[in-house]
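Reader: I would like a close look at one part of this model. Please take the surroundings of the ligand and work outward from there.

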Amino acid sequence: MVYKTVRLTDGRTAMLDWLREDELSEVVEALNSVIREGKYLFMNNEITDIEEERRWFERGTKEGMRYLVARVEGRVVGGASIHPHTDKRAHVAEFGIYIRDGYRNLGLGTTLTKTFIEIAKKHGLEILGATFKVAHTWFPPLR
Ligand SMILES: CC(C)(COP(=O)(O)OP(=O)(O)OC[C@H]1O[C@@H](n2cnc3c(N)ncnc32)[C@H](O)[C@@H]1OP(=O)(O)O)[C@@H](O)C(=O)NCCC(=O)NCCS
């Protein structure tokens, strides 16, 4: 049972589901394709160390990270996540999102963002922030 099914504006269906460790390679491949474009993400270098990625996944899971993977026709086409801060900033989480070239402007980014606003509220978070290539941005407080 997937977390959410989304109808894209071109009529295709995207499935959103929680990231599993056994799909890290596919997710890294999708993320690397966006990193290679070189103009969007704050990450400059492709991810090559899958063991490090596994450690990141384990650490993130312990820290309350929530990560949804989007698939169209079985292919990973993007993902989004929230990663809460700790202690005094436990009400704040970092939001990240990427959609693979060829699957943009079909409504997926909007749906993922709205979905995470709801997930964040459900978990008592009050503020989401995002790191872009040039700056860190705060979204308006969640209500
Ligand atoms: C930005 C991104 C997440 C949006 O997802 P999407 O599925 O393409 O977005 P949607 O189809 O839901 O919405 C498209 C809207 O976002 C706008 N948009 C798309 N990319 C944009 C960008 N880089 N900057 C500003 N607006 C953008 C479109 O113009 C469109 O606006 P409209 O609804 O007024 O017509 C996606 O295009 C993407 O991953 N881009 C490359 C990586 C990136 O920029 N990630 C975010 C920075 S960390």
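Author: What follows starts at the ligand and moves on to the core and the hairpin. Keep in mind that this model is predicted.

Start with the shell. The ligand is surrounded by 15 residues. Tyr40, Ile99, Arg104, Gly109 and Thr110 are the closest. By class, nine residues of the shell are nonpolar, five are polar and one is charged.

Now the elements behind that shell. Strand E5, residues 92-99, and helix H3, residues 108-122, each supply at least two of its residues. E5 gives the largest share, with four residues.

E5 and H3 also lead into the core. The largest nonpolar core has 25 residues. Both E5 and H3 give two or more residues to this core. So do E2, helix H1 (24-37), strand E3 (66-72) and strand E4 (75-84). Inside the core, Ala70 and Val77 have the most contacts.

Take Ala70 in detail. Leaving out residues up to four places away in sequence, alanine 70 touches Ala14, Leu16, Val77, Gly78, Gly79, Leu108 and Leu112.

That leaves the pairing of E2. Strand E2 covers residues 13-18 and runs antiparallel to strand E1, residues 4-7. Four bridges join the two strands. One detail of the register: arginine 7 has threonine 13 in E2 as its bridge partner. Five residues lie between the strands of this hairpin. Among the hairpin's residues, glycine 11 takes a positive phi, near 95 degrees.

Notes: Residues numbered from 1 in each chain as written. Predicted model: local features only at pLDDT ≥ 70, side-chain atom pairs only at ≥ 80, totals over all residues. Pairing = 2+ DSSP bridges. Near = placed C-beta within 6 Å. Nonpolar A, V, L, I, M, F, W, Y, C, P; charged D, E, K, R; others polar. Core = buried A, V, L, I, M, F, W, Y, C linked by C-beta atoms within 7 Å. Buried ≥ 20, exposed ≤ 12 C-beta atoms within 10 Å, placed from the backbone. Contact = placed C-beta atoms within 7 Å.
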